[in-house]
Amino acid sequence: MIRTLIYIALLALIAFALAWFADQPGTVSVVWGGLRYEMSPVVGLGIILVATFILMVLWSLLRFALRVPTLASIAMRMRKRDKGYTALSQGMIAAGAGDVTAANKAARIAEKTLGNEPLALLLKAQTAQISGDSATAEETFKRMAELPATRLFGLRGLYAEARRRGDDATAFAIAEQAHADAALPWAGQAIIEHRAMSDDWRGALDIVERNFARKTIDRRTAERQRAVLKTGIGMTLTDRAPDEALQMAREAIKLAPDLLPAYVLAGRMLARKNDIRRAAKVLESGWRVLPHPDIAAAYLDLRPGDSSTDRLVRAQALARLAPDHRESRLTVARAAIDARDFALARETMAPLLDGNASRPTARICLLMADLEETEYGQSGRMREWLARAARAPRDPAWVADGVISDTWAPASPVTGRIDAFRWETPAERLHAPEEEPLEPLVAPLDLPGSDAKLIEHAASDAEAVLAESDTPAPVTEAAAPVVLVEPTKLDTKPETPEPEKTKAETKPLSFIAAPDDPGPEPEADKPKKKGWFS
(Lines give C-alpha, C1' and ligand atoms only; values in the text may rest on other atoms or scores of the structure.)
Protein backbone atom coordinates (compact mmCIF):
# COMPACT_ATOMS: atom_id res chain seq x y z
CA MET A 1 0.00 0.00 0.00
CA ILE A 2 2.77 2.42 0.88
CA ARG A 3 4.64 1.61 -2.33
CA THR A 4 1.49 2.37 -4.35
CA LEU A 5 1.11 5.71 -2.67
CA ILE A 6 4.75 6.56 -3.30
CA TYR A 7 4.37 5.56 -6.97
CA ILE A 8 1.28 7.77 -7.40
CA ALA A 9 3.05 10.64 -5.69
CA LEU A 10 6.03 10.37 -8.05
CA LEU A 11 3.75 10.34 -11.12
CA ALA A 12 1.95 13.39 -9.82
CA LEU A 13 5.26 15.16 -9.24
CA ILE A 14 6.45 14.37 -12.78
CA ALA A 15 3.15 15.56 -14.27
CA PHE A 16 3.33 18.75 -12.25
CA ALA A 17 6.91 19.34 -13.44
CA LEU A 18 5.98 18.82 -17.10
CA ALA A 19 2.97 21.12 -16.77
CA TRP A 20 5.08 23.77 -15.16
CA PHE A 21 7.73 23.37 -17.91
CA ALA A 22 5.07 23.72 -20.64
CA ASP A 23 3.69 26.89 -19.09
CA GLN A 24 7.04 28.63 -19.19
CA PRO A 25 7.35 31.27 -21.99
CA GLY A 26 10.15 31.26 -24.53
CA THR A 27 11.44 29.33 -27.53
CA VAL A 28 14.27 27.02 -28.38
CA SER A 29 16.37 27.96 -31.44
CA VAL A 30 18.62 25.50 -33.30
CA VAL A 31 20.86 26.51 -36.24
CA TRP A 32 21.72 23.53 -38.51
CA GLY A 33 23.17 23.85 -42.04
CA GLY A 34 22.56 27.58 -42.29
CA LEU A 35 18.95 27.22 -41.27
CA ARG A 36 17.44 28.36 -38.00
CA TYR A 37 14.86 26.19 -36.29
CA GLU A 38 12.69 27.58 -33.50
CA MET A 39 10.41 25.51 -31.28
CA SER A 40 8.81 25.52 -27.88
CA PRO A 41 10.73 24.06 -24.90
CA VAL A 42 8.36 21.09 -24.72
CA VAL A 43 8.96 20.15 -28.35
CA GLY A 44 12.70 20.58 -27.89
CA LEU A 45 12.66 18.29 -24.87
CA GLY A 46 10.74 15.64 -26.80
CA ILE A 47 13.21 15.75 -29.68
CA ILE A 48 16.09 15.30 -27.26
CA LEU A 49 14.44 12.28 -25.64
CA VAL A 50 13.71 10.62 -29.01
CA ALA A 51 17.28 11.23 -30.20
CA THR A 52 18.64 9.73 -27.00
CA PHE A 53 16.51 6.61 -27.42
CA ILE A 54 17.65 6.17 -31.04
CA LEU A 55 21.29 6.51 -30.04
CA MET A 56 20.89 3.88 -27.30
CA VAL A 57 19.34 1.41 -29.78
CA LEU A 58 22.12 1.97 -32.27
CA TRP A 59 24.77 1.50 -29.56
CA SER A 60 23.17 -1.76 -28.41
CA LEU A 61 23.12 -3.10 -31.96
CA LEU A 62 26.76 -2.16 -32.45
CA ARG A 63 27.78 -3.71 -29.16
CA PHE A 64 25.94 -6.95 -29.96
CA ALA A 65 27.67 -7.12 -33.35
CA LEU A 66 31.05 -6.70 -31.67
CA ARG A 67 30.28 -9.39 -29.03
CA VAL A 68 29.00 -12.06 -31.40
CA PRO A 69 32.29 -14.08 -31.32
CA THR A 70 32.42 -13.91 -27.53
CA LEU A 71 28.80 -14.96 -27.15
CA ALA A 72 29.32 -17.84 -29.55
CA SER A 73 32.32 -19.01 -27.53
CA ILE A 74 30.32 -18.84 -24.30
CA ALA A 75 27.51 -20.85 -25.86
CA MET A 76 29.94 -23.52 -27.01
CA ARG A 77 31.50 -23.74 -23.55
CA MET A 78 28.08 -24.08 -21.95
CA ARG A 79 27.13 -26.89 -24.31
CA LYS A 80 30.46 -28.58 -23.61
CA ARG A 81 29.98 -28.20 -19.87
CA ASP A 82 26.45 -29.58 -20.04
CA LYS A 83 27.75 -32.53 -22.02
CA GLY A 84 30.47 -33.13 -19.43
CA TYR A 85 28.10 -33.04 -16.47
CA THR A 86 25.69 -35.33 -18.27
CA ALA A 87 28.54 -37.79 -18.87
CA LEU A 88 29.62 -37.38 -15.24
CA SER A 89 26.16 -38.23 -13.96
CA GLN A 90 25.86 -41.23 -16.27
CA GLY A 91 29.38 -42.38 -15.33
CA MET A 92 28.65 -42.24 -11.60
CA ILE A 93 25.55 -44.34 -12.11
CA ALA A 94 27.42 -46.83 -14.32
CA ALA A 95 30.30 -47.10 -11.84
CA GLY A 96 27.88 -47.70 -9.00
CA ALA A 97 26.16 -50.39 -11.05
CA GLY A 98 29.47 -52.01 -11.97
CA ASP A 99 29.20 -51.28 -15.71
CA VAL A 100 32.92 -50.82 -16.39
CA THR A 101 32.54 -50.13 -20.14
CA ALA A 102 29.96 -47.38 -19.74
CA ALA A 103 31.84 -45.90 -16.79
CA ASN A 104 35.12 -45.76 -18.76
CA LYS A 105 33.40 -44.10 -21.71
CA ALA A 106 31.71 -41.53 -19.48
CA ALA A 107 34.98 -40.90 -17.60
CA ARG A 108 36.82 -40.13 -20.84
CA ILE A 109 34.09 -37.71 -21.95
CA ALA A 110 34.01 -36.04 -18.52
CA GLU A 111 37.79 -35.66 -18.42
CA LYS A 112 37.85 -34.23 -21.97
CA THR A 113 35.03 -31.76 -21.37
CA LEU A 114 35.59 -30.83 -17.71
CA GLY A 115 39.35 -31.15 -17.32
CA ASN A 116 40.46 -30.99 -13.65
CA GLU A 117 36.94 -30.82 -12.32
CA PRO A 118 37.05 -32.68 -8.95
CA LEU A 119 34.07 -34.89 -9.79
CA ALA A 120 35.58 -35.82 -13.15
CA LEU A 121 38.83 -36.87 -11.48
CA LEU A 122 36.83 -38.80 -8.89
CA LEU A 123 34.92 -40.66 -11.62
CA LYS A 124 38.17 -41.50 -13.41
CA ALA A 125 39.76 -42.83 -10.22
CA GLN A 126 36.70 -44.84 -9.28
CA THR A 127 36.42 -46.31 -12.76
CA ALA A 128 40.09 -47.28 -12.70
CA GLN A 129 39.61 -49.00 -9.34
CA ILE A 130 36.61 -51.08 -10.38
CA SER A 131 38.40 -52.07 -13.59
CA GLY A 132 41.55 -53.09 -11.69
CA ASP A 133 43.80 -50.41 -13.22
CA SER A 134 45.76 -49.47 -10.09
CA ALA A 135 48.33 -47.41 -12.02
CA THR A 136 45.68 -45.11 -13.49
CA ALA A 137 43.90 -44.82 -10.14
CA GLU A 138 47.12 -43.87 -8.36
CA GLU A 139 48.04 -41.35 -11.07
CA THR A 140 44.59 -39.75 -10.76
CA PHE A 141 44.86 -39.55 -6.99
CA LYS A 142 48.26 -37.88 -7.35
CA ARG A 143 46.67 -35.23 -9.61
CA MET A 144 43.95 -34.72 -7.02
CA ALA A 145 46.55 -34.40 -4.23
CA GLU A 146 48.25 -31.58 -6.14
CA LEU A 147 45.04 -29.52 -6.31
CA PRO A 148 44.11 -27.56 -3.15
CA ALA A 149 40.41 -28.38 -3.49
CA THR A 150 40.96 -32.15 -3.71
CA ARG A 151 44.23 -32.62 -1.80
CA LEU A 152 42.77 -34.49 1.18
CA PHE A 153 40.68 -36.75 -1.06
CA GLY A 154 43.73 -37.53 -3.18
CA LEU A 155 45.80 -38.36 -0.11
CA ARG A 156 43.18 -40.78 1.13
CA GLY A 157 43.06 -42.46 -2.27
CA LEU A 158 46.85 -42.78 -2.32
CA TYR A 159 46.73 -44.24 1.19
CA ALA A 160 44.17 -46.83 0.12
CA GLU A 161 46.23 -47.79 -2.94
CA ALA A 162 49.40 -48.13 -0.84
CA ARG A 163 47.60 -50.37 1.64
CA ARG A 164 46.19 -52.43 -1.21
CA ARG A 165 49.62 -53.20 -2.61
CA GLY A 166 51.08 -53.82 0.88
CA ASP A 167 53.37 -50.77 1.05
CA ASP A 168 52.85 -49.93 4.72
CA ALA A 169 55.72 -47.42 4.88
CA THR A 170 54.26 -45.30 2.08
CA ALA A 171 50.77 -45.60 3.52
CA PHE A 172 52.03 -44.40 6.90
CA ALA A 173 53.83 -41.40 5.32
CA ILE A 174 50.68 -40.40 3.41
CA ALA A 175 48.55 -40.73 6.56
CA GLU A 176 50.96 -38.45 8.43
CA GLN A 177 50.69 -35.83 5.67
CA ALA A 178 46.90 -35.92 5.83
CA HIS A 179 46.91 -35.85 9.63
CA ALA A 180 49.16 -32.77 9.58
CA ASP A 181 46.87 -30.96 7.10
CA ALA A 182 43.55 -31.57 8.82
CA ALA A 183 41.89 -33.39 11.70
CA LEU A 184 40.82 -36.49 9.76
CA PRO A 185 39.62 -39.54 11.71
CA TRP A 186 40.92 -42.03 9.12
CA ALA A 187 44.42 -40.50 9.16
CA GLY A 188 44.62 -40.57 12.95
CA GLN A 189 43.39 -44.16 13.07
CA ALA A 190 45.88 -45.16 10.37
CA ILE A 191 48.80 -43.73 12.36
CA ILE A 192 47.62 -45.50 15.52
CA GLU A 193 47.38 -48.82 13.68
CA HIS A 194 50.83 -48.39 12.15
CA ARG A 195 52.42 -47.68 15.52
CA ALA A 196 50.50 -50.53 17.10
CA MET A 197 51.86 -52.93 14.47
CA SER A 198 55.38 -51.97 15.61
CA ASP A 199 54.43 -52.26 19.33
CA ASP A 200 54.91 -48.51 19.81
CA TRP A 201 52.17 -48.22 22.42
CA ARG A 202 53.36 -44.85 23.74
CA GLY A 203 53.38 -43.35 20.26
CA ALA A 204 49.89 -44.70 19.65
CA LEU A 205 48.75 -43.20 22.97
CA ASP A 206 50.06 -39.77 21.89
CA ILE A 207 48.00 -39.97 18.69
CA VAL A 208 44.91 -40.91 20.70
CA GLU A 209 45.39 -37.80 22.81
CA ARG A 210 45.76 -35.66 19.68
CA ASN A 211 42.66 -37.21 18.09
CA PHE A 212 40.64 -36.49 21.21
CA ALA A 213 41.94 -32.92 21.36
CA ARG A 214 40.90 -32.41 17.74
CA LYS A 215 37.45 -33.91 18.47
CA THR A 216 37.84 -36.66 15.88
CA ILE A 217 36.89 -39.29 18.48
CA ASP A 218 34.44 -39.06 21.36
CA ARG A 219 35.34 -39.30 25.03
CA ARG A 220 34.16 -42.89 25.46
CA THR A 221 36.27 -44.13 22.54
CA ALA A 222 39.27 -42.16 23.76
CA GLU A 223 39.02 -43.59 27.27
CA ARG A 224 38.72 -47.13 25.96
CA GLN A 225 41.74 -46.73 23.68
CA ARG A 226 43.72 -45.11 26.48
CA ALA A 227 42.96 -48.04 28.78
CA VAL A 228 43.97 -50.62 26.16
CA LEU A 229 47.22 -48.82 25.30
CA LYS A 230 48.12 -48.22 28.95
CA THR A 231 47.66 -51.93 29.57
CA GLY A 232 49.94 -52.65 26.62
CA ILE A 233 52.56 -50.24 27.99
CA GLY A 234 52.31 -51.89 31.40
CA MET A 235 52.82 -55.34 29.89
CA THR A 236 56.11 -54.15 28.35
CA LEU A 237 57.29 -52.72 31.71
CA THR A 238 56.67 -55.74 33.94
CA ASP A 239 60.37 -56.63 34.15
CA ARG A 240 62.22 -53.30 34.04
CA ALA A 241 59.69 -50.96 35.70
CA PRO A 242 57.11 -52.91 37.76
CA ASP A 243 55.92 -49.83 39.67
CA GLU A 244 55.12 -47.99 36.46
CA ALA A 245 53.44 -51.11 35.09
CA LEU A 246 51.23 -51.24 38.18
CA GLN A 247 50.37 -47.57 37.76
CA MET A 248 49.43 -48.15 34.12
CA ALA A 249 47.18 -51.08 35.11
CA ARG A 250 45.54 -48.96 37.80
CA GLU A 251 44.75 -46.18 35.32
CA ALA A 252 43.46 -48.71 32.77
CA ILE A 253 41.01 -50.22 35.28
CA LYS A 254 39.73 -46.75 36.10
CA LEU A 255 39.22 -45.89 32.41
CA ALA A 256 37.74 -49.26 31.34
CA PRO A 257 36.28 -51.28 34.25
CA ASP A 258 35.57 -54.29 31.98
CA LEU A 259 39.14 -54.63 30.63
CA LEU A 260 40.14 -58.00 32.14
CA PRO A 261 43.85 -57.92 31.10
CA ALA A 262 44.28 -54.80 33.23
CA TYR A 263 43.08 -56.72 36.31
CA VAL A 264 45.50 -59.55 35.52
CA LEU A 265 48.41 -57.12 35.10
CA ALA A 266 47.61 -55.31 38.34
CA GLY A 267 47.28 -58.58 40.26
CA ARG A 268 50.60 -59.93 38.99
CA MET A 269 52.44 -56.70 39.76
CA LEU A 270 51.05 -56.59 43.31
CA ALA A 271 51.96 -60.25 43.80
CA ARG A 272 55.50 -59.50 42.64
CA LYS A 273 55.68 -56.88 45.41
CA ASN A 274 54.55 -59.55 47.92
CA ASP A 275 51.30 -57.68 48.50
CA ILE A 276 49.26 -60.87 48.28
CA ARG A 277 46.15 -59.49 49.97
CA ARG A 278 45.67 -56.56 47.58
CA ALA A 279 46.57 -58.72 44.58
CA ALA A 280 43.88 -61.24 45.54
CA LYS A 281 41.27 -58.52 45.97
CA VAL A 282 42.03 -56.98 42.58
CA LEU A 283 41.80 -60.33 40.82
CA GLU A 284 38.58 -61.14 42.66
CA SER A 285 37.14 -57.85 41.39
CA GLY A 286 38.02 -58.86 37.85
CA TRP A 287 36.50 -62.31 38.43
CA ARG A 288 33.22 -60.64 39.39
CA VAL A 289 33.23 -58.84 36.04
CA LEU A 290 33.76 -62.10 34.13
CA PRO A 291 35.27 -65.40 35.29
CA HIS A 292 38.24 -65.86 32.99
CA PRO A 293 41.09 -68.41 32.84
CA ASP A 294 43.72 -65.63 32.77
CA ILE A 295 42.43 -64.28 36.07
CA ALA A 296 42.30 -67.80 37.51
CA ALA A 297 45.91 -68.49 36.47
CA ALA A 298 47.11 -65.25 38.04
CA TYR A 299 45.10 -65.94 41.21
CA LEU A 300 46.56 -69.42 41.66
CA ASP A 301 50.09 -68.12 41.03
CA LEU A 302 49.91 -65.33 43.58
CA ARG A 303 52.58 -66.95 45.73
CA PRO A 304 55.13 -69.07 43.83
CA GLY A 305 56.13 -72.24 45.60
CA ASP A 306 52.74 -72.99 47.13
CA SER A 307 51.79 -76.60 47.41
CA SER A 308 49.08 -78.14 45.29
CA THR A 309 46.80 -78.20 48.32
CA ASP A 310 47.22 -74.46 48.88
CA ARG A 311 46.46 -73.82 45.22
CA LEU A 312 43.33 -75.93 45.49
CA VAL A 313 42.19 -73.92 48.51
CA ARG A 314 42.75 -70.71 46.60
CA ALA A 315 40.87 -72.07 43.58
CA GLN A 316 37.89 -72.92 45.78
CA ALA A 317 37.93 -69.43 47.25
CA LEU A 318 37.85 -67.89 43.80
CA ALA A 319 35.14 -70.27 42.58
CA ARG A 320 32.80 -69.26 45.41
CA LEU A 321 32.51 -65.79 43.83
CA ALA A 322 30.77 -67.40 40.81
CA PRO A 323 29.90 -70.96 41.89
CA ASP A 324 27.67 -71.80 38.91
CA HIS A 325 30.00 -70.55 36.21
CA ARG A 326 31.76 -73.05 33.99
CA GLU A 327 35.14 -71.40 34.48
CA SER A 328 34.87 -71.78 38.25
CA ARG A 329 34.37 -75.52 37.92
CA LEU A 330 37.23 -75.90 35.46
CA THR A 331 39.57 -73.96 37.75
CA VAL A 332 38.71 -76.07 40.78
CA ALA A 333 38.90 -79.32 38.79
CA ARG A 334 42.35 -78.43 37.42
CA ALA A 335 43.64 -77.60 40.90
CA ALA A 336 42.06 -80.78 42.34
CA ILE A 337 43.81 -82.94 39.73
CA ASP A 338 47.14 -81.33 40.61
CA ALA A 339 46.40 -81.99 44.30
CA ARG A 340 45.38 -85.57 43.41
CA ASP A 341 41.93 -85.08 44.90
CA PHE A 342 40.26 -87.06 42.14
CA ALA A 343 36.91 -87.39 43.86
CA LEU A 344 36.57 -83.63 44.14
CA ALA A 345 37.64 -83.21 40.51
CA ARG A 346 34.99 -85.65 39.30
CA GLU A 347 32.32 -84.13 41.51
CA THR A 348 33.17 -80.63 40.24
CA MET A 349 33.11 -81.70 36.59
CA ALA A 350 29.85 -83.66 36.90
CA PRO A 351 27.46 -80.77 36.00
CA LEU A 352 29.52 -80.04 32.87
CA LEU A 353 29.14 -83.64 31.71
CA ASP A 354 25.47 -83.99 32.51
CA GLY A 355 23.31 -85.04 29.61
CA ASN A 356 21.20 -81.91 30.01
CA ALA A 357 24.23 -79.64 29.66
CA SER A 358 25.79 -78.42 26.45
CA ARG A 359 28.09 -80.71 24.53
CA PRO A 360 31.50 -80.85 26.31
CA THR A 361 34.06 -78.59 24.70
CA ALA A 362 37.63 -79.53 23.79
CA ARG A 363 38.99 -78.09 27.03
CA ILE A 364 36.58 -80.14 29.13
CA CYS A 365 37.47 -83.29 27.23
CA LEU A 366 41.21 -82.68 27.62
CA LEU A 367 40.77 -82.04 31.34
CA MET A 368 38.88 -85.31 31.70
CA ALA A 369 41.61 -87.11 29.75
CA ASP A 370 44.19 -85.63 32.11
CA LEU A 371 42.10 -86.75 35.07
CA GLU A 372 41.88 -90.31 33.76
CA GLU A 373 45.60 -90.44 33.02
CA THR A 374 46.60 -88.98 36.39
CA GLU A 375 44.35 -91.32 38.34
CA TYR A 376 44.55 -94.52 36.30
CA GLY A 377 47.44 -94.00 33.90
CA GLN A 378 47.22 -94.84 30.21
CA SER A 379 43.75 -96.30 29.71
CA GLY A 380 41.00 -96.65 27.20
CA ARG A 381 38.95 -93.96 28.92
CA MET A 382 41.79 -91.48 28.55
CA ARG A 383 42.07 -92.23 24.84
CA GLU A 384 38.30 -91.93 24.51
CA TRP A 385 38.36 -88.44 25.98
CA LEU A 386 41.24 -87.47 23.70
CA ALA A 387 39.26 -88.69 20.70
CA ARG A 388 36.25 -86.67 21.81
CA ALA A 389 38.43 -83.59 22.25
CA ALA A 390 39.49 -83.79 18.60
CA ARG A 391 35.90 -83.28 17.42
CA ALA A 392 34.48 -81.31 20.35
CA PRO A 393 33.24 -77.71 20.04
CA ARG A 394 35.81 -75.00 20.48
CA ASP A 395 36.31 -73.17 23.73
CA PRO A 396 36.20 -69.38 24.05
CA ALA A 397 39.47 -67.70 23.13
CA TRP A 398 40.89 -64.29 22.28
CA VAL A 399 39.83 -63.62 18.68
CA ALA A 400 40.75 -60.64 16.50
CA ASP A 401 40.30 -60.36 12.72
CA GLY A 402 40.12 -64.13 12.37
CA VAL A 403 43.23 -64.73 14.50
CA ILE A 404 42.78 -67.01 17.52
CA SER A 405 45.28 -66.31 20.29
CA ASP A 406 45.93 -67.84 23.70
CA THR A 407 46.97 -64.42 25.06
CA TRP A 408 45.47 -60.97 24.84
CA ALA A 409 47.17 -58.15 22.94
CA PRO A 410 46.30 -54.44 22.73
CA ALA A 411 45.96 -54.51 18.93
CA SER A 412 45.22 -56.93 16.13
CA PRO A 413 48.34 -58.55 14.65
CA VAL A 414 46.72 -58.41 11.20
CA THR A 415 45.47 -54.82 10.90
CA GLY A 416 46.85 -53.08 13.98
CA ARG A 417 43.32 -52.13 15.07
CA ILE A 418 43.21 -51.10 18.73
CA ASP A 419 41.09 -53.19 21.11
CA ALA A 420 40.39 -55.78 18.45
CA PHE A 421 40.62 -58.90 20.64
CA ARG A 422 37.36 -60.24 22.03
CA TRP A 423 36.80 -63.19 24.33
CA GLU A 424 34.40 -65.30 22.31
CA THR A 425 33.86 -68.75 20.90
CA PRO A 426 35.49 -69.12 17.46
CA ALA A 427 33.46 -70.39 14.55
CA GLU A 428 33.08 -74.13 14.25
CA ARG A 429 35.29 -75.98 11.78
CA LEU A 430 33.66 -76.69 8.43
CA HIS A 431 34.50 -80.38 8.61
CA ALA A 432 33.16 -80.87 12.12
CA PRO A 433 30.27 -83.34 12.46
CA GLU A 434 26.80 -81.88 12.70
CA GLU A 435 25.78 -81.46 16.29
CA GLU A 436 23.28 -79.50 18.27
CA PRO A 437 24.10 -75.77 18.24
CA LEU A 438 26.35 -74.94 21.16
CA GLU A 439 25.07 -72.21 23.42
CA PRO A 440 27.62 -69.52 24.27
CA LEU A 441 29.40 -70.53 27.47
CA VAL A 442 30.89 -67.14 28.24
CA ALA A 443 29.24 -63.75 28.00
CA PRO A 444 30.96 -61.05 25.92
CA LEU A 445 33.04 -58.43 27.67
CA ASP A 446 30.67 -55.59 26.73
CA LEU A 447 27.92 -56.40 29.21
CA PRO A 448 24.68 -54.42 28.75
CA GLY A 449 21.94 -53.59 31.18
CA SER A 450 22.30 -54.59 34.80
CA ASP A 451 25.75 -56.11 34.20
CA ALA A 452 27.12 -52.60 33.72
CA LYS A 453 26.39 -51.93 37.39
CA LEU A 454 28.28 -55.10 38.30
CA ILE A 455 31.29 -53.93 36.28
CA GLU A 456 31.23 -50.49 37.90
CA HIS A 457 30.98 -52.05 41.36
CA ALA A 458 33.88 -54.43 40.67
CA ALA A 459 35.97 -51.59 39.25
CA SER A 460 35.31 -49.42 42.29
CA ASP A 461 36.42 -52.29 44.54
CA ALA A 462 39.60 -52.71 42.51
CA GLU A 463 40.31 -48.97 42.60
CA ALA A 464 39.81 -48.92 46.36
CA VAL A 465 42.26 -51.78 46.76
CA LEU A 466 44.82 -50.18 44.45
CA ALA A 467 44.46 -46.85 46.25
CA GLU A 468 45.68 -48.38 49.51
CA SER A 469 49.24 -48.00 50.70
CA ASP A 470 51.78 -49.66 48.42
CA THR A 471 53.89 -50.80 51.39
CA PRO A 472 53.67 -54.61 51.47
CA ALA A 473 53.52 -56.60 54.64
CA PRO A 474 56.84 -58.24 55.54
CA VAL A 475 57.02 -61.82 54.36
CA THR A 476 59.74 -64.21 55.42
CA GLU A 477 60.79 -67.50 53.94
CA ALA A 478 60.06 -69.33 57.18
CA ALA A 479 56.60 -67.89 57.54
CA ALA A 480 53.74 -70.35 57.37
CA PRO A 481 51.81 -70.33 54.10
CA VAL A 482 48.88 -67.92 54.15
CA VAL A 483 45.59 -69.72 53.70
CA LEU A 484 43.00 -67.36 52.27
CA VAL A 485 39.99 -69.50 53.23
CA GLU A 486 39.32 -72.79 54.83
CA PRO A 487 39.30 -75.65 52.34
CA THR A 488 35.82 -76.55 51.23
CA LYS A 489 34.03 -77.92 48.22
CA LEU A 490 31.83 -75.96 45.86
CA ASP A 491 28.64 -77.50 47.25
CA THR A 492 28.89 -76.99 50.99
CA LYS A 493 27.57 -79.97 52.95
CA PRO A 494 27.63 -80.84 56.66
CA GLU A 495 30.95 -82.38 57.49
CA THR A 496 30.54 -86.02 58.50
CA PRO A 497 33.41 -88.35 59.11
CA GLU A 498 33.72 -91.00 56.49
CA PRO A 499 35.67 -94.20 56.81
CA GLU A 500 38.78 -94.36 54.72
CA LYS A 501 38.52 -96.44 51.60
CA THR A 502 41.23 -98.11 49.76
CA LYS A 503 41.79 -97.43 46.13
CA ALA A 504 40.27 -100.77 45.22
CA GLU A 505 37.12 -100.03 47.28
CA THR A 506 36.59 -96.55 45.79
CA LYS A 507 34.30 -96.65 42.79
CA PRO A 508 34.40 -93.84 40.22
CA LEU A 509 31.19 -92.12 39.19
CA SER A 510 29.21 -94.22 36.76
CA PHE A 511 29.04 -91.56 34.03
CA ILE A 512 32.83 -91.17 33.94
CA ALA A 513 34.32 -94.60 34.58
CA ALA A 514 33.07 -98.08 33.88
CA PRO A 515 31.51 -99.77 36.96
CA ASP A 516 33.61 -102.18 38.98
CA ASP A 517 36.78 -101.14 37.20
CA PRO A 518 39.55 -100.87 39.80
CA GLY A 519 42.09 -99.53 37.35
CA PRO A 520 44.12 -100.40 34.32
CA GLU A 521 45.05 -103.95 33.53
CA PRO A 522 48.20 -105.05 31.80
CA GLU A 523 47.72 -104.80 28.06
CA ALA A 524 48.89 -108.38 27.53
CA ASP A 525 46.53 -109.87 30.18
CA LYS A 526 43.26 -108.09 29.47
CA PRO A 527 41.08 -108.32 26.38
CA LYS A 528 40.63 -105.21 24.30
CA LYS A 529 37.44 -103.34 25.10
CA LYS A 530 35.60 -100.69 23.30
CA GLY A 531 35.50 -97.23 24.80
CA TRP A 532 32.77 -96.50 27.32
CA PHE A 533 31.25 -93.84 25.04
CA SER A 534 31.45 -95.98 21.83
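Two strands are said to pair if DSSP finds at least two bridges between them. In the present structure, which is a predicted model, this condition is met by strand β1 (residues 28–32) and strand β2 (residues 35–39), which pair in the antiparallel sense over five bridges. Within this pairing, W32 of the one strand stands opposite L35 in β2. The hairpin of β1 and β2 has two residues between the strands, and in this hairpin G33 takes a positive phi near 65°.

A further set of strands is found later in the chain, where three strands form an open sheet in the order β4-β3-β5, with antiparallel pairing. Because β4 (403–405) and β5 (422–424) stand at the edges and have a single partner strand each, one side of each is left without a neighbour in the sheet. From one strand to the next, the twist averages 40°. Strand β3 (residues 397–400) is joined to β4 by three bridges, the two strands running antiparallel, and the bridge partner of V399 in β4 is I404. In a regular strand, the side chains alternate between the two faces of the sheet.

Among the helices, α11 (residues 242–255) was examined for its length and for the way its residues are placed. Its 14 residues should span 20 Å at 1.5 Å a residue, and this agrees with its end C-alpha atoms, which are 20 Å apart. The buried residues of α11 are A245, L246, M248, A249, A252 and I253. Seen down the axis of α11, these buried residues fall within an arc of 160°, and they therefore line one face of the helix. An α-helix has 3.6 residues a turn, so residues three or four places apart point the same way. The exposed residues D243 and K254, by contrast, are carried on the face of α11 that is turned away from its buried side.

Helix α11 also takes part in a salt bridge, which R202 forms with E244, the closest N and O atoms being 2.6 Å apart. This pair links distant parts of the chain, since R202 belongs to helix α9 (residues 201–213) and E244 to helix α11, 42 residues apart. R202 is partly exposed, with a relative accessible area of 39%, and E244 is likewise partly exposed, with a relative accessible area of 33%.

Across the whole structure, the search finds 26 salt bridges. One of these is formed by E111 and K124, whose closest N and O atoms are 3.0 Å apart. Since E111 lies in helix α3 (residues 100–114) and K124 in helix α4 (residues 118–130), the pair ties together parts that are 13 residues apart in sequence. E111 counts as partly exposed at 27% relative accessibility, whereas K124, with a relative accessible area of 19%, is buried; the latter value falls on the buried side because the cut-off for that class is under 20% relative accessible area.

Another salt bridge is made where the side chains of R303 and D306 meet, with a distance of 2.9 Å from N to O. Here R303 is buried, with a relative accessible area of 17%, and D306 also counts as buried, at 15% relative accessibility. Finally, salt bridges can be joined into a network, as is found for R224, D258, D419 and R422, which are linked in this way.

Methods: Residues are numbered from 1 along each chain as its sequence is written. This is a predicted model: local features need pLDDT of at least 70, side-chain atom pairs count only at pLDDT 80 or more; totals for chains, interfaces and linings use all residues. Side-chain values use heavy atoms; hydrogens and water are left out. A salt bridge is a side-chain nitrogen of Lys or Arg within 4 Å of a carboxyl oxygen of Asp or Glu. Helices (H or I, at least four residues) and strands (E, at least two) are DSSP runs, numbered from the N terminus. Buried means under 20% relative accessible area, exposed over 50%, partly exposed in between (1.4 Å probe, protein chains only). Axes are lines fitted to C-alpha atoms, for helices over the stretch in contact, and angles run from 0 to 180 degrees between N-to-C directions. The expected span of a helix is 1.5 Å times one less than its number of residues. The arc is that of the directions from the helix axis to the C-beta atoms.
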